[in-house]
Structures are given as structure tokens and as C-alpha cells.
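Let's take a look at how protein chains can meet one another. Keep the 3D view open while you read, and follow along chain by chain.

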There are 4 protein chains.
Amino acid sequence: MTNTITVGVVGAGRIGKLHVENMLRMDGVSVKTIADPFAERAQEWADKLHIPHLVTDPNEIFSDSEIEVVFICSPTDTHVDLIKRSAAANKHIFCEKPISFSDEETMAAYQAVKEAGVQMQVGFNRRFDQNYARVKNYVETGKIGELHILRITSRDPEPPTLDYVKSSGGIFMDMTIHDFDMARFVAGEVKEVYATGAALVNPDIATVGDIDTALIQLTFESGALGIIDNSRQAVYGYDQRIEAFGSKGSAESANETETRVKFSSNESVSEDQPLHFFLERYNHAYIDEVQQFFTAIQTDSAVPCTFEDGIMAQRIAAAAKESLTTGRPVAVKKIQ
Amino acid sequence: MTNTITVGVVGAGRIGKLHVENMLRMDGVSVKTIADPFAERAQEWADKLHIPHLVTDPNEIFSDSEIEVVFICSPTDTHVDLIKRSAAANKHIFCEKPISFSDEETMAAYQAVKEAGVQMQVGFNRRFDQNYARVKNYVETGKIGELHILRITSRDPEPPTLDYVKSSGGIFMDMTIHDFDMARFVAGEVKEVYATGAALVNPDIATVGDIDTALIQLTFESGALGIIDNSRQAVYGYDQRIEAFGSKGSAESANETETRVKFSSNESVSEDQPLHFFLERYNHAYIDEVQQFFTAIQTDSAVPCTFEDGIMAQRIAAAAKESLTTGRPVAVKKIQ
Amino acid sequence: MTNTITVGVVGAGRIGKLHVENMLRMDGVSVKTIADPFAERAQEWADKLHIPHLVTDPNEIFSDSEIEVVFICSPTDTHVDLIKRSAAANKHIFCEKPISFSDEETMAAYQAVKEAGVQMQVGFNRRFDQNYARVKNYVETGKIGELHILRITSRDPEPPTLDYVKSSGGIFMDMTIHDFDMARFVAGEVKEVYATGAALVNPDIATVGDIDTALIQLTFESGALGIIDNSRQAVYGYDQRIEAFGSKGSAESANETETRVKFSSNESVSEDQPLHFFLERYNHAYIDEVQQFFTAIQTDSAVPCTFEDGIMAQRIAAAAKESLTTGRPVAVKKIQ
Amino acid sequence: MTNTITVGVVGAGRIGKLHVENMLRMDGVSVKTIADPFAERAQEWADKLHIPHLVTDPNEIFSDSEIEVVFICSPTDTHVDLIKRSAAANKHIFCEKPISFSDEETMAAYQAVKEAGVQMQVGFNRRFDQNYARVKNYVETGKIGELHILRITSRDPEPPTLDYVKSSGGIFMDMTIHDFDMARFVAGEVKEVYATGAALVNPDIATVGDIDTALIQLTFESGALGIIDNSRQAVYGYDQRIEAFGSKGSAESANETETRVKFSSNESVSEDQPLHFFLERYNHAYIDEVQQFFTAIQTDSAVPCTFEDGIMAQRIAAAAKESLTTGRPVAVKKIQ
């Protein structure tokens, strides 16, 4: 890399901090300013990392002409506004998923970005995991032939708090959205969705209008069929698997574990549980998505996960929610 | 075993021959008569095995007071008639699946069997495979806690001929019926079904009104969710897997292979493909189902896979077909 | 098979009974007489199986002109005498391993068999296990290139009684002899042996002059290197693995298990332990070795595991014992 | 970490560059000077990384009072001299393996380090691999009971050049030395060694007095037995496995692969080959060994892999070489 890219980050929560720590280890990237309404909570952390500016007002990022790129890592309900302001300030954007809970608002932000001519990448980190990338490669290179069935298993190790659930936009928008993106990444556009689900892990989740266990069927435009199974609680750890089955074969990815050690005793033969959660499992993917984002910015080429990708995942999530409510398959709305 | 049970077999096709060869190796079982309209085709085979009587008319079985048990291994459209005649002759019955393609006819046969007071077992052989039995055991003993998600993958190595497809009753009645039985075996009664599918393997299958690739969602009465994925062609071999996922863990069965040998070269690290098809994979299960059937007859206890099990699998298949046609979830009718 | 072969069996212990039960299920084989000095202990078993003659004197076998084949399943110290008498009576022989503990006596029996012109197979059952056969096939067909290293792991689930150990001929003659045969089966003749070992499982085994844990290095005539590791006690079950590593790759066989089920809980991810012991693991191999023996007899072709194979395994065992005593590598004596 | 540690590095070859790049990403560590006789070859690399001083004379490191720590990454025959000069300059040392090819010279360096009172860590990186560390943990915590057999498989993907072989000190000193250290790490001190080997991969290696395929038996002071198998060429990739087998069970580590993806086709079921070579496989271990070294320096506690560890691995290598030459087991000399 030749010139240093100067970055501003909005949101110093878990994911914001993760991106900052990763960027500090990258060549040609400089994190100048972090904005968070509760900046004082992050002060110690920022000092240790020698972050020059920790502020409460994101305007200090938008008004700083030295800053080329904005990372939006704040709560979902602030994304649209921040995207518009970033675009207005002519800055490239890396925005965490989902863009928003409203298709109308998302499309307004989309217009702003298109008009400003800036780039925006959405944080679908799993695309950058070596296992998913390999499965995608088996599909793309024709090794599995024509895709017939896509199976995605995606289960969290533990359910979120009820407070989190309430503001999450629901399981499809919060959790399955990654799987919807993965489905599109591997199998292309989704035509129709049918979803069932229930609150089997924690019945209280039903009282706030959400579910914690779900099956979502997808019909792809290619004619292939897809199925996603979700649970908010796999007691053995983060369960992240995929299988692409086609006319010439099948590519299937198992879970990642910390070691390859097998222990045999008079009681059992046991192996590692899957890596605990997304921070452990997608450690490298979080780095690679950002690295590829910066490469795209520097070489003025397309980012690997676009605004359109963000919109479509969101629309599939909305269709799944409608299907769950109506008990009917629901068509997915296209862009334009 | 104390007394020898004398058996008559109707149908000397592949599955009929398989059962006969297995029975010849069992203690306390004697195969006296085999009836098949094309008996001459089986003459050489029967001679080699020293079968006393190979006839064309099944009446020679029903009218033989020495014969206690009838195996019905003829085409599906003959099952109901043969069941009724077996029951009328007061003989116990082992009937291959499905019982019939018509719920009305099946229920008529059911009445005849109940009135005669004979036992009838349906040939859902997979229940007797050690892998499925183990998964069922993990569920029954509470080791996986409450069941939340049941996943069944069931794919044949190669599609049947179009002629076979035409008289098969459709994929759900012919192939998925085993999976429907397995779903009930592991997870209990099914409340509702939603099915999608297409002829992706061989488009000609669509021309005779059937599909070759399917996803079937099940909602169990317990509240658990189930998903079955089917294909008529897994080029790598017979793919038969199951996962029972619950509140305390998950039990998952992989495919069986001929050996456990791994070969590592400069090109790849490879292992065995799954055992080719049902005759290889369920070799032992075919023996065990019959052995347990005879034990039930001899000890006058319940057979391990009942007429009711046959009826319910058939009803789920019918519901799946209706769902595929209407694009809606369909409720499964109960017995009575 | 055309004509029935009539068999006499000497020895109605565990392995004798196993062979008899297997032969009863084979076409074209008839077990006429079983001789055992403690015949009365086997009476009930023989009655149930309808064995025509259960006697105490093996002479009733040797003097019976109808009997073509003798199975020698009696204690090792009786083998040489029984082989000579079988040969003198012009009967083909199936003899359990080892032939004897004395090379001189073994060679005398060998002469008798050669002079009589009868066939003799030695009971190295593992050659007929599908896993070992597959590894051998990878070597023979050149897929692993030139063999460089052969690794055999062979561990019993539990140590034998001290009484058994005393009359066993020592671990190399009793247990490792199977591994020596396997080494020759896969890699050809052995030039030199170096062995170390100790009584680590049960120190009492040292008091009767034996060991229970051993490492045996082999140098093959081809130049390849071999290593066998033995233990009398693998608490997790019968551990039977092999790896053939060569210039073009490696073929490696893992243990066999009862099922392919994996159970994941909040404590661990566990799989089946290996099949418990040789009766479970080599179930099929015991049948196949006998079936192939009969085929060789009937077609007058060479048996798949010859007297020479038995002699050579015994000589490697003797060399290993000498190496353990002297602390030096020991050359293996060839036939002639 | 509180104070920054200033580091000088001798040797800008592959391993020197690797350590420098890793150190640049560590907090509290500053690489000030790199010395290499062919410094100009590393100029571009050093510029890109903003290394302040790239020099030809290592004296610029020893005479710099700001430098606290010296990394010795130069050829083996320079190690002893550089260790002595580092010790004389009162600097802590991280030295790559082996320390030297001569026990006498190594012991002289050892005296110098002891007298100076500086710390020295030897670069046995595998101790820091998560798989080996886990197996060690199973042994240490008593989960496998008393260790009976230790098996190490260690095979390189491709043989080194003949030029490299000539100056390598031989396979035991160059390659197996890692396995000797691993054996001690897991199973404690080695009493006796017996080695066999040949040039099976490349006969030319024999012409320069070395071998490329080896089996090395170890007898541990605890009574346990060990076996190492080595090859300079596993065509399928870097093969690095270990098994610790004991009275209560066995802990076994398989190879690491890039992904967990399995591909099933009509030809085979294949998985990833092992990670290619040590840079890929021990990527993290190289970072962790250095991180733990700095932590030890900063907290003035013992380094995790000591000078004594380096001496003992070297002495086992020397014993193995003597055994190979004499065809006899050889006792390992203790320190003092």
C-alpha cells in the first residue's frame, strides 16, 4: 500500500473496538477519530491504543477533511442517518449489518450513497471465512455441477438478553440475516421464502414477539432449494455449517475447533467442541473483510460486499418475517 | 426359539428375494412357499435355495394351514388385497411399504387386520439400522434434552427409471415415506407439513408429474421443527444422515462406509464414499427387522413397527403432496 | 459350490465354536465331527446346532474317510502333532496361529504337510478385514509409490490372565504374531528386528517373564522401515490401526466403531469407542478367511495364507524375543 | 506491558524475517537493529518495515546499551560465538535451534550464559502449538494416567537441497531435534535411543552421509516407550502428529488443515491436505513463543524453553546418530 488511509469510527462497542484493534495492525491505515456518545467508557481502552481523538460527536469525523473512510459500528437505528452524513461528506463507508429495519429508510440511504458516488461495504464477515469461501469456490468453479440443495446450519451458543431481543429487529433481521447473505453469496438471488419457528429455548422470547428456533426455506431464482436452520442456543458451542449439494457432488463445511486433539478413555472418544462464538470463529474473517475493503478503496475497485447485498439480505429477512406471521410462502422484492 | 414358524412369501422381486435369503439363515424359520405371477423367472434362484414350492397363485399360501406368516413383497397396488386375504386366512403379516397409495383402501385393510386379530409389521427397515437406533436412543433417554430441530438428509445414488416413477406413487410415497417414518420414530407425531420441490436431476420426471429434489418441513406435535431434504441422485452414493438437536445437545449420524481407510496423496486426502445404496447400507437392518418380527410373533408381543406406523407415514406423504400442489402448509390427519 | 466338503474340528473352545457357527451358515460345507477332550462341556452347544458327532478322540476325525478338511483349534502345544496326523490322513488343514512355539517342531510339521501334498491355511484373520485389505491394495497397486514406513498400532482392550500369559509363548508369539503377519502381508519379508518392552500395565506379568507394552522395529528386505506398537490394555477398546507411507502418498486405516453417531453436549463432542475386541472387530474376517479357504480347496488353488506365512511370522516373533533379551537388533532366519 | 523492550536481531534469513515481522505487531517491543553479513539483500524488506538500522556487523547490536535482547537467527555454526558475545554484553538471548553441532561448544556457551546471569530461550516453537500443548496438558493433568507409549510422526513435505543437507548437521540434528524436544516436553527425560534409517526419498542424500527416512525409539526414564518416525518427503504436506497413550486413555493430535470442507463426488470424498509446511502450521506458535519469551523477560521469570532444553535435545540427536552408526541402542548423557 502506498498512501495511508485515515479512518473515523462511529461506535466504540464490541464490534467497533474489534475493527479498531484490527486496523491498528494493518499497514497504510490510520485510525484518527472515534466517536461514541458514551466516549468516557472507552477512554482507557483508547488511551492504551494511542487513538488520537475520542469524541462524543460524530460530526468531528464528518467535518474532518483528512478522514476518507467512516466505519459505522453504532446501533442499527443510527445507521441510515450516519450513512447519509458520511455520503454527504463524501466519505467511503463500512457499515455493520443490518443497514436498518426499514426498507424505505435503507433505500433512502442507498440513494444518498449512489448520488455521492462513494463506496459502501456491509459487514457480512462470514463471506471472508476460509470455509465458506471454499464452499462458494466449489460452486463457482462448477465442481458440484448445478446447485440443487443448499443447507445452512447456524446456531448461537447462548440466547441474547430479552432487552437485546426487543431492539434486535427479530431473529431474522438480527441473526438469520448473515445466513440470508450466505445463501445469496453461494446460490444467488432468492425468489421466495417460507419460515416456521417458535420460542423453544426461552418461552419469554415469545412474550416480546420473537422466536429462538427457526427453519427457513428458500427457493432460488436458479430453481435450487435452500434450507436454513437456526437456534439461539446450541449448548455445545457456535454451530456454523453449510452444504452445497449439486448434480456433480457436494461441498460441506464442518465447524472449526481450537485443536485437532482426540481423547479416548474408557468412557468415550471425545474431540473439541466448536469455537465458542463469532469472535473466535470469525477472528480472521473480521480482519480480511476490512483488508479487502481498504484494497478496494485504494484501487478504486468494487468492494466485495455491496450496499445491494445489504439491501437484499434485509428484504429476505422481511419476507421471512411475513411468512412466519401469515403461514404462507412470501416472494422477495427485487431492487427496482 | 422353540417351534419353527412356516412362512409364505408373495412376490419374488428384489426385496422378496432379499427377505427369503435372510430367513434361510435364521433359526426356527422355514420358507415353504413363494408365490409370484412370473414364478418361472425365479425358478433357478429358488432351486438353488431348495425352496419347496414356487407357485403363481398366492392362494396356495392362504389355503395352507401350516403357513403362519405371510410376507407381502409384491407391487404396492396388490398390498391391500393381499393383506385382507392374509387376515381372512388368520395369518400374521409382514408388508413392505407403502401399504397403499389410498388412505381409504389402507384403512379398509387396517380394519380387516384388526378384526382378524393378526399382527402386521410394516417394512420400515431403517428403524433397525444401528445409527438411527442410536440417535433415537439419545432422544429417548433425554440426553439431548427436549428436541428442537430434527434434520434428515436422504438422497439416493441414482434416479429410478421413468417407468418406475410412473407407478411409484410419487417421491413422497415412494422415497420420503421412509424419512417420514424416521421422523415419527425419533420425534413423535407430525402436525403439519410444508413441501417444495422440483425436477432438477432429470426434467423428464416433471413430465410424468413427479419431482426428484425436495425439501419437506415438519411441525411436530411436541412443538419441535423438522426438515427433510431429498434428492434422487447423490452422485457420491447413498446419503443417509440424521441430526436430532435439542436443549441439552445434538446427536448426529454420518454415512456408513465400507472401510475407514484414508488415502493422502499430492492431490488430495480422500476417504470412502458412502455405501452405495440401501441393500449395502441396510444389510443388517433388513435382517434385524425380520428377526424382531418373528420374536414378536413367537412371544405374542407387539411388532416393532405397526400398521398404524404405516398409516401415519402414508398420511404425512399425502399431506406433503397436497402442500407441494397448493403451496400451503397442510395438516396431517390423525387415526380416528 | 458343487460338492459338499465335510469338515472335522479339533477343539471346541471359543475360536473352534466361532468357526463351527460360521461354517454352519455356509453353502456346501458340512461339519460332521468335533473332537475335544472336554467334549461334555460343549454338549449343549453342539446339540443346539445339530452337530452329528461330538467326541473326545480326534482319531475319529483322522480315521473318517468322508472328512476332507480338519480345523485345528486346540491349544498351541497340540498343533504340530495334529498337523502331522491330518497330513498322514491326507486331509487339508486349517490351523490357528501360532503353529507352535518351536521352529524345529514347526518345520517338522511343515515337512509332513509338503510330503502329503495337502493344503494348509494359517488363521491370520486380519488379512481378511476390509480395512487391512484396502491398505494392502493401495500398496500393491502402486498408489502409495514405494513403501517407506509401515506403522502398526495393535492394542488389546484388557490384559489376559496370568495363567494365560504363562502358556501363551509370550506377547510376541501370542499377540504380536498377528502384526508380524500383517507387516509381511503389506510390506514383504522382514530382514531384521529390534524390540523393546516392559510390563507397564501389570507388573506381575514381568514375574512370569513376559511384557505387556512393546515397540518392535522392523527392517524390510525392500529397505522400508516398520514399527509396531503393542499394549495389552487400551482402556478405550481394541485399537487396530495401520499406516503405509510411501513415495507417492499414505494409506491409513482407523479403528472400526459400532455407529457413526456423534454426540455434542455442553461437556464434549464424543463418538463411539472402537469395537471392543477381536470377535467384534474381525467378525467378517473370520467368515471370509474360511470361505476363501474352502474356495481354494474346491478349486485346487493356493490358500490365501500359507504354512510358509505361519512359519515366517513365528520366526519374526522369535527374533523379537531374542532382541528384547539381548538389547540388539536380530536378523530373521529365512525358510531353507 | 509497561516498558518497551529494544531488540537486536542477528540474521535476516527466513526465520529472522519471520520473527521481526511478528515482533513489529507486538506491544512494548521495538526492533532497533538487524545485523546480517548480506544486509543489502534485506534492504528493501527492512525499508518497507521502517527498521531503523540494518547493518553487517553484529557488534553494533552488542555495543548498543539500549538493546536488551538479542535474537540469534543466523546459521548454526555462528550460534555459540554469538551467544557468548550476547552474554558478555549482558543481553537476554532468543536462539534458534540447534544451539550447535558440538556438545563441547554448546556447554561452553551454556557456561557463559550462566555466568552472565542472562536468560536464554531456544526456538522450539512446536511447544506453543495449540495441539501439542493440549496433548501435553492431557498428560500433565493425569487424564491419560501413566504414560506408556509416545508416538510422534514428523514428516516434511519436501526434502531440502543437498547443499542444505551438507551443512545441516544431519537429519537428527536438523529435523528430528524438534521431535526430541517434543518427546521431552510431553514425556520427560530420555534414557536411551535406538535409531534406524535410510535414504529412501533421495539416494543422493546417502552420498553426503545423511538419511531421509528414520525411525527412532526412545526409552524414557519413567519407563515409557517412545517412537518417532521421520521422512523428508510426505507428498501430501507437512505431517505433524502425536499420540500419548497411557493407563487411562490416549490423547492424539491430527494434522491441521486450512479448512474443514469435505467434497464428495462420484470419484471420491476428499478433504484438505495438511497445512503445507512449518510457516503455515506453526504460524501462531512462532508468535506465542516470542510473546512468552518477552513476558518472561519483563516479569523476570523463567523462559518457557530453556538452554537446558536445547542441550538435551542436542544430546538425544547425538545419541541417535551414534545408534544409527553402531546399530546399537545408545544412552543419553545427562547435564553434569
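Which residue of β14(D) does B:Val269 stand opposite? The partner is D:Glu271. Keep in mind that this is a predicted model. Chain B has two neighbours to look at here: chain D, with 13 of its residues in contact with 13 of chain B, and chain A, with 39 of its residues in contact with 39 of chain B.

**Where chain D meets chain B: the strands**

- Strand β14 of chain B covers residues 269-271, and three bridges join this strand to β14(D).
- The two strands run antiparallel, and that's the setting in which B:Val269 faces D:Glu271.

**Where chain D meets chain B: the contact surface**

- Put together, chain D and chain B bury about 970 Å² between them, and 57% of that is on carbon and sulfur atoms.
- Three residues stand out on the chain D side: D:Val269, D:Glu271 and D:Gln273 supply 43% of the area that chain D buries against chain B, more than any other three residues.
- Looking for salt bridges between chain D and chain B? The count is zero.
- Polar contacts do turn up, with six residue pairs found across the interface of chain D and chain B (both residues at pLDDT 80 or more).
- On the side of chain D that touches chain B, β13 (261-265) and β14 (269-271) each supply at least two residues.
- β14(D) gives the largest share of that side, with three residues.
- Sorted by class, the chain D side has four nonpolar, six polar and three charged residues.

**How chains D and B are related**

- Turn chain D by 180°, with 0.0 Å of shift along the axis, and it superposes on chain B with an RMSD of 0.0 Å.
- To find the rotation axis from chain D, go to D:Ser270: of the residues of chain D, its C-alpha comes closest, at 2.0 Å.
- Both copies use the same surface here, as 100% of the contact residues of chain D recur in chain B.

**Where chain A meets chain B**

- Chain A and chain B bury about 3,100 Å² between them, 59% of it on carbon and sulfur atoms.
- In chain A, the residues that lose the most area to chain B are A:Arg151, A:Gln217 and A:Leu225, together 19% of what that side buries.
- There are eight salt bridges across the interface of chain A and chain B.
- B:Arg241 forms a salt bridge with A:Glu252, and their closest N and O atoms are 2.9 Å apart.
- Polar contacts across this interface come to 11 residue pairs (both at pLDDT 80 or more).
- Several strands of chain A give two or more residues to the side that touches chain B, among them β7 (147-155), β9 (213-220) and β12 (249-253).
- The largest share of that side, six residues, comes from β10(A).
- By class, the chain A side has 14 nonpolar, 15 polar and 10 charged residues.

**How chains A and B are related**

- Chain A can be laid on chain B by a turn of 180° and a shift of 0.0 Å along the axis, with an RMSD of 0.1 Å.
- The two copies are therefore related as by a two-fold rotation axis.
- A:Arg328 is the residue of chain A that comes closest to the rotation axis, at 3.1 Å (C-alpha).
- Why do the copies meet through the same surface? Because 100% of the interface residues of chain A are also interface residues in chain B.

Terms used: Residues are numbered from 1 along each chain as its sequence is written. Chains are lettered from A and ligands numbered from 1 in the order in which they are written. This is a predicted model: local features need pLDDT of at least 70, side-chain atom pairs count only at pLDDT 80 or more; totals for chains, interfaces and linings use all residues. Side-chain values use heavy atoms; hydrogens and water are left out. Copies are superposed by least squares on the C-alpha atoms of residues with pLDDT of at least 70 in both. Contact means heavy atoms within 4.5 Å. Buried area is the accessible area (1.4 Å probe) that two parts lose on being put together, summed over both. A salt bridge is a side-chain nitrogen of Lys or Arg within 4 Å of a carboxyl oxygen of Asp or Glu. A polar contact is a pair of N or O atoms within 3.5 Å; within protein, one must be able to donate a hydrogen and the other to accept it, and residues adjacent in sequence count only if both atoms are side-chain atoms. Helices (H or I, at least four residues) and strands (E, at least two) are DSSP runs, numbered from the N terminus. Ala, Val, Leu, Ile, Met, Phe, Trp, Tyr, Cys and Pro count as nonpolar, Asp, Glu, Lys and Arg as charged, and the others, Gly among them, as polar. Two strands pair if DSSP finds at least two bridges between them.
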